[in-house]
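Me: Could you take a close look at the surroundings of the ligand in this model for me? I'd enjoy a walk through that one part, with a few words on the inside of the protein afterwards.

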Amino acid sequence: MSDIQSVLNENRVFPPSDAFVKQANVSGMAAYQAMVDASQKDYPGYWANLARENIQWKKPFTKSLNDSNAPFYKWFEDGVLNVSYNCLDKHLTTQPEKIAIKFEADDGKVTHINYRDLHARVCQFANGLKSRGIKKGDRVIIYLPMSIEAVISMQACARIGAIHSVVFGGFSSKSLQERIVDAQAVAIITADFQMRGGKLMPLKSIVDEALALEGCDVIKNVIVYKRAGGEMTFNAQRDVWWHDIETNQAKVCEPEWVDAEHPLFILYTSGSTGKPKGVQHSSAGYLLGTMLTMKWVFDYKASDVFWCTADVGWITGHSYVAYGPLAMGATQVIFEGIPTYPDAGRFWKMIQDHKITTFYTAPTAIRSLIKLGGDLPAKYDLSSLRLLGTVGEPINPEAWMWYYNVVGQGRCPIVDTWWQTETGCHMIAPLPGAMPIKPGTCTLPIPGIQVAVVDETGLEVDGTHGGSLVIKKPFPSQIRTIWGDPDRFVSNYFPEEMRGFYLAGDSAHRDEDGYIWIMGRNDDVLKVSGHRLGTMEIESALVSNPLVAEAAVVGRPHDIKGESVVAFVVLKGARPADSATAKKLIEDLRNWVGKEIGPIAKPDEIRFGENLPKTRSGKIMRRLLRAIAKGEAITQDVSTLENPAILEQLKEVIK
Ligand code: PRX
């Protein structure tokens, strides 16, 4: 581990302009350092002050951090609040007319909703949920397209104390089933269809498929938002239209006041086993994290028009669409469609039309838009932009420079934000009026967060050596547990050798300025187009096909997606005799994975061998497979390999 070296040699540094520093919420490095010092002087007191200043409490807390049962930390535990109250009600007297959401549909139609009306709709829908018997602590699956209704659903659950679990609309019925059963959910909120890139794609029928699978009879209600009005089947006992339960409800709904630690949501994410983890977040600590990072990292101002392009199916869409912007009283844009429809200028046109000030997207989107039309931004008026952000994977310096010069016109700082589903909000990211930025690094931790790069024994590595990224102290927005699996929570994130530090699962190194450079995952998790996929999950999906005996999945660097999925498969029968048979089988297996997990997990390439390269003890040699997938010459020691002849078979690419 400690001999991990970075091959990047990046010397460009961009300090914030005087004009940006002057108006920033945190101006200059001295101000940043003062916050860091304050957090180090009195760690629990620092977070307690912030929680008092930022959250409206029904009953104030008296205790900041409870670490008596580490790593099951509790924050502000005797405080009582409601997250939806903090996102909506608090704005009713101060800015009821301010637009909360500008929704742009796939076809370009724009709908605005102000804070007063959003509050009213959330209350009506919350009352609707209650009318169906849904109550505090119940788990509710949300399987919706990007829409105002997706945000209303999440906020309405928060309002009544129900725990939502949003499932990305690209996941299959099988993935949906797995999450329903694990969470023991009682209801699903979905839509008839979703519209993306001019195409109508079913959602309700996928829910129906899931509900026919084992264990899904726990679902008593399916609430269906009519997005497109196409053909679909309706089960009168179980299914109900969204509009039928929303209309006629009162426009007020007293929030369910909950303890600070009440779970706000569960969000499933991939780990290094075949089974996704239900990451459980708290109410108060999570809310605090999203608000602070809106202020510090996004330098939020009341005049901003904020646009985070992430889907609410991912953590980014939770923290910077459904919660953070609303808690700050921001105006934000939500987009239903895809960046390339009707053409690759869609994002730039939307920035122009909505006068976006703060734009937050993923490196994979940036790379694909460079490829499809690097000159397109110049055709639009992007002068409203003042800040750019990226998230989800390392950004390569060329893409960073294009984003900085062509989209930001050299005027806008870029906040490269490192964080995870588990951390709830940004952990390492520039405060744009303080830190000089460099292409490819997420710079320094936000004030209060203490990170380190350590070796296998949890000791900090020297100088600029690489190692494992850890967070040294508990922080309010962190994961509380894995739903239903506290042991996995402890062993995954707080393994004994890490001395009580939170193990992020990424490798990283620091440069001479102490800036952190993320080098990628060091577990079996891939980042494909910014989406987190477990190699084991894809392997399990492949092996569940009756024709497959064994499978190994690795990532291969990809220009646009960051990584692509390459699968090595051993069939129960013989290897395909000719290329036509192989091609047909590859297509079948790709579709199989699409059905089992979702189209995002389909391997880009599948190769067949009579066996997989294994050590004499039977361990698959993944390092070797990664080299083969990249087409590299094998320079590694293969003397421990049980079956060297297999390598030649696995090098064969079927075209
Ligand atoms: O490997 C890191 C990468 O994404 C992982 C977390 O994935 P997920 O839980 O899906 O959350 C993504 C959105 C917060 C991390 O372990 N990652 C995230 N942000 C960055 C990053 N890698 C490099 N630079 C980043 N800014």
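Reply: Happy to! For the classes used here, Ala, Val, Leu, Ile, Met, Phe, Trp, Tyr, Cys and Pro count as nonpolar, Asp, Glu, Lys and Arg as charged, and the others, Gly among them, as polar. Sorted that way, the shell around the ligand has six nonpolar, five polar and six charged residues. Please keep in mind that this is a predicted model.

Let's start with the residues that come nearest. There are 17 residues around the ligand, and the nearest of them are Asp416, Thr417, Thr421, Arg521 and Arg532.

Now for some polar contacts. Thr417 has a backbone N or O atom 2.7 Å from a nitrogen atom of the ligand. Pro394 also offers a backbone N or O atom, 3.5 Å from a ligand nitrogen. With Gln420 the side chain takes part: one of its polar atoms lies 2.9 Å from an oxygen atom of the ligand. On its own the ligand has 540 Å² of accessible area, and the protein covers 96% of that. Helix H11 (315-327), strand E20 (414-417) and strand E25 (516-521) are the elements that each give two or more residues to the shell.

Next, the inside of the protein. The count comes to four cavities of 30 Å³ or more. The largest cavity has a volume of about 60 Å³, and its lining includes Trp47, Cys425, Met427, Phe475 and Pro476. Helix H10 (residues 284-296) supplies four residues, the largest share of this lining. By class, the lining of the largest cavity has nine nonpolar, three polar and no charged residues.

The second largest cavity holds about 50 Å³ of space. Among the residues that line the second largest cavity are Asn82, Cys157, His262 and Ser283. Here the split is seven nonpolar, four polar and no charged residues.

One last stop is the aromatic side chains, with 39 aromatic pairs in the count. In one of them, the ring centres of Phe168 and Trp314 are 4.7 Å apart and the planes meet at 35 degrees, so the pair is tilted. This pair links distant parts of the chain, with the two positions 146 residues apart. Phe168 sits in the loop between strand E7 (163-166) and helix H7 (173-183), while Trp314 is in the loop between strand E16 (305-308) and H11. H11 is also one of the elements that give two or more residues to the shell around the ligand, which brings us back to where we began.

How values were computed. Residues numbered from 1 in each chain as written. Predicted model: local features only at pLDDT ≥ 70, side-chain atom pairs only at ≥ 80, totals over all residues. Heavy atoms only, no water. 1 Å grid on protein atoms, 1.4 Å probe; cavity = no way out; pocket = protein on both sides within 12 Å on 5 of 7 lines; lining within 4 Å. Points joined across faces, edges and corners; volume = space filled by probe spheres on them. Near = heavy atom within 4 Å. Polar contact = N/O pair within 3.5 Å; in protein donor to acceptor, adjacent residues only side chain to side chain. Areas by Shrake-Rupley, 256 points an atom, 1.4 Å probe, with all protein chains shown as cover. Phe/Tyr/Trp six-rings, centres within 6.5 Å; stacked < 30°, edge-to-face > 60°.
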